[in-house]
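Open the model in your viewer and keep the sequence panel visible. This tour goes from one selection to the next and says what is there.

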Amino acid sequence: MIWTRKHLLDIESLSAEEINTVLDTARAFKSVGERSIKKVPALRGKTVVNLFIEPSTRTRISFELAEQRLTADIVNFSADASSFKKGETLKDTARNLEALNADFIVIRHSASGAAHFLSRVVKSSIINAGDGAHEHPTQALLDAFTIRERKGRVAGLNVTILGDILYSRVARSNIWALLKLGAKVTLCGPSTLVPETFALMGCRVTHDVADAIREADIIHLLRIQHERQRKSMFPGIGEYRQLFGLNQARLAMVRPDALIMHPGPINRGVEIESDIADGSRSLILEQVTNGLAVRMAVLYLLNGGKDFPEVSVG
Ligand code: CP
């Protein structure tokens, strides 16, 4: 299948076929990362601006490395050292980047809709690296890639997402991706953070952890998104840990082949105990490794899928 999209703004608008094309392409790029020479010329002569207006470790570094491996010219934009501080708007900032012939703008922003907005005001290709509580499409793609690689499929699996769903862009993108690929999705957490309305997307909603994890093939944990919550959504961290944290007693209830995921950053001792985060069932660092191949695939496909003969998107 040929990818004809100019932007990657969300998972909601992608088809299952488009998602699978990214995952197949990422598999080819993962093998490039295992060679002694890890670079390919797919983005030679192209300029990519990493416009991160909100903090990031994994996504920012992963995009930067993906762009280097594809031989792009890279500009890393730091909001603190920019004219944002003097009141310049996002639109004007982006139009200045466009005037410098940026082919791609990778944007992380605290406002939901920021990536869609940029796609309407500049000619560059826009990649959403996380917009408010809306979507984080490359995170969902790397999560689906990791599940498919470890379990051999996504369709038919029971995937439980446990934590702060309401404020999580990772949850929204994962729900779209997992449902499109045929997984059964269960959401669990405090009722204030997992409202019943998520059932309208096609998920099962429960507030009972034992019920949520017992039959799960994948348990995807999310941290509490304090930076987006406008009021206290539960009594305290201690109570959250006691009622919803993944500890050894809860792990003893799950299937022997169930695997643990987390997009990071993790809050050890809150949503996940340290020994589980570092244990043999944890895919947390594998997710980070796979993020590089997935982001290479996304950039490559948005650039028309050229100059990397090992990958065929035709
Ligand atoms: N998973 C994720 O988006 O992490 P960062 O915020 O560090 O990029």
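Begin with leucine 181, in the loop between helix H6 (169-180) and strand E6 (184-188). The model you are looking at is a predicted one. With a relative accessible area of 10%, leucine 181 is buried, because buried means under 20%. Now show its contacts, leaving aside neighbours within four places in sequence: Ala16, Ile19, Asn20, Leu23, Ala144, Val154 and Ala155. For one of them, valine 154, check the distance: the C-alpha atoms of leucine 181 and valine 154 are separated by 6.2 Å, with their positions 27 residues apart along the chain.

**Helices H1 and H5**

Next, select helix H1 (residues 16-32) together with helix H5 (residues 137-151). Two packed helices are described by the angle between their axes and the distance between the axes. Here the angle is about 70° and the axes are 10 Å apart. H1 and H5 are therefore roughly perpendicular to each other. Which residues make the contact? On the H1 side, colour Ile19, Asn20, Val22, Leu23, Asp24, Ala26, Arg27 and Lys30. On the H5 side, colour Leu141, Ala144, Phe145, Arg148 and Glu149. Sorted by character, the residues of this contact are seven nonpolar, one polar and five charged.

Stay in H1 and pick lysine 30. Is lysine 30 buried or exposed? Its relative accessible area is 17%, so lysine 30 is buried. Apart from neighbours within four places in sequence, lysine 30 is in contact with Phe145, Glu149, Asn290 and Ala293.

Move to H5 and pick aspartate 143. Its relative accessibility is 0%, so aspartate 143 counts as buried. Beyond four places in sequence, the contacts of aspartate 143 are Val170, Asn174, His220, Met261 and Gln287. For a distance across the model, join the C-alpha atoms of aspartate 143 and valine 32: they are separated by 19 Å, and the two residues are 111 residues apart along the chain.

**Helix H11**

Select residues 284-302, which form helix H11. How far apart should the ends of H11 be? At 1.5 Å a residue, its 19 residues should span 27 Å, and the end C-alpha atoms are 27 Å apart, so the two values agree. Centre the view on glycine 291, where H11 bends by about 25°. Colouring by accessibility shows H11 mostly covered, with 15 of its 19 residues buried. Step just past the end of H11 to glycine 304, which takes a positive phi of about 100°.

**Backbone exceptions**

The next stops concern the backbone. Most residues other than glycine have a negative phi, and most peptide bonds are trans.

Select glycine 264 and proline 265: the peptide bond from the one to the other is cis, with omega near -5°. Proline 265 is in the loop between strand E9 (259-261) and helix H10 (274-277).

Then go to threonine 71, in the loop between helix H2 (58-69) and strand E2 (73-78). Threonine 71 is not a glycine, yet its phi is positive, about 65°. With a relative accessible area of 27%, threonine 71 is partly exposed.

Asparagine 101 is another stop of this kind, in the loop between helix H3 (90-99) and strand E3 (104-109). Asparagine 101 has a positive phi of about 65° although it is not a glycine. Is asparagine 101 buried or exposed? At a relative accessible area of 59%, asparagine 101 is exposed.

**Two last residues**

Pick valine 75 in strand E2. At 39% relative accessibility, valine 75 counts as partly exposed. Not counting residues up to four places away in sequence, valine 75 touches Thr47, Val48, Val49 and Asn50. From valine 75 to aspartate 10, the C-alpha distance is 23 Å, and the two are 65 residues apart in sequence.

End at glutamate 98 in helix H3. At 18% relative accessibility, glutamate 98 counts as buried. Which residues does glutamate 98 touch, not counting those up to four places away in sequence? They are Val121, Val122, Lys123 and Ser124. A final distance runs from glutamate 98 to alanine 144: 32 Å in space, C-alpha to C-alpha, and 46 residues in sequence.

Terms used: Residues numbered from 1 in each chain as written. Predicted model: local features only at pLDDT ≥ 70, side-chain atom pairs only at ≥ 80, totals over all residues. Heavy atoms only, no water. Axes fitted to C-alpha atoms, helices over the stretch in contact; angles between N-to-C directions. Helix = DSSP H or I, 4+ residues; strand = E, 2+ residues; numbered from the N terminus. Parallel < 35°, antiparallel > 145°, perpendicular 65-115°, else oblique. Contact = heavy atoms within 4.5 Å. Nonpolar A, V, L, I, M, F, W, Y, C, P; charged D, E, K, R; others polar. Buried < 20%, exposed > 50% of the residue type's maximum accessible area, 1.4 Å probe, protein only. Expected span 1.5 Å × (residues − 1). Bend = angle between axes of the 7 residues up to and from the residue.
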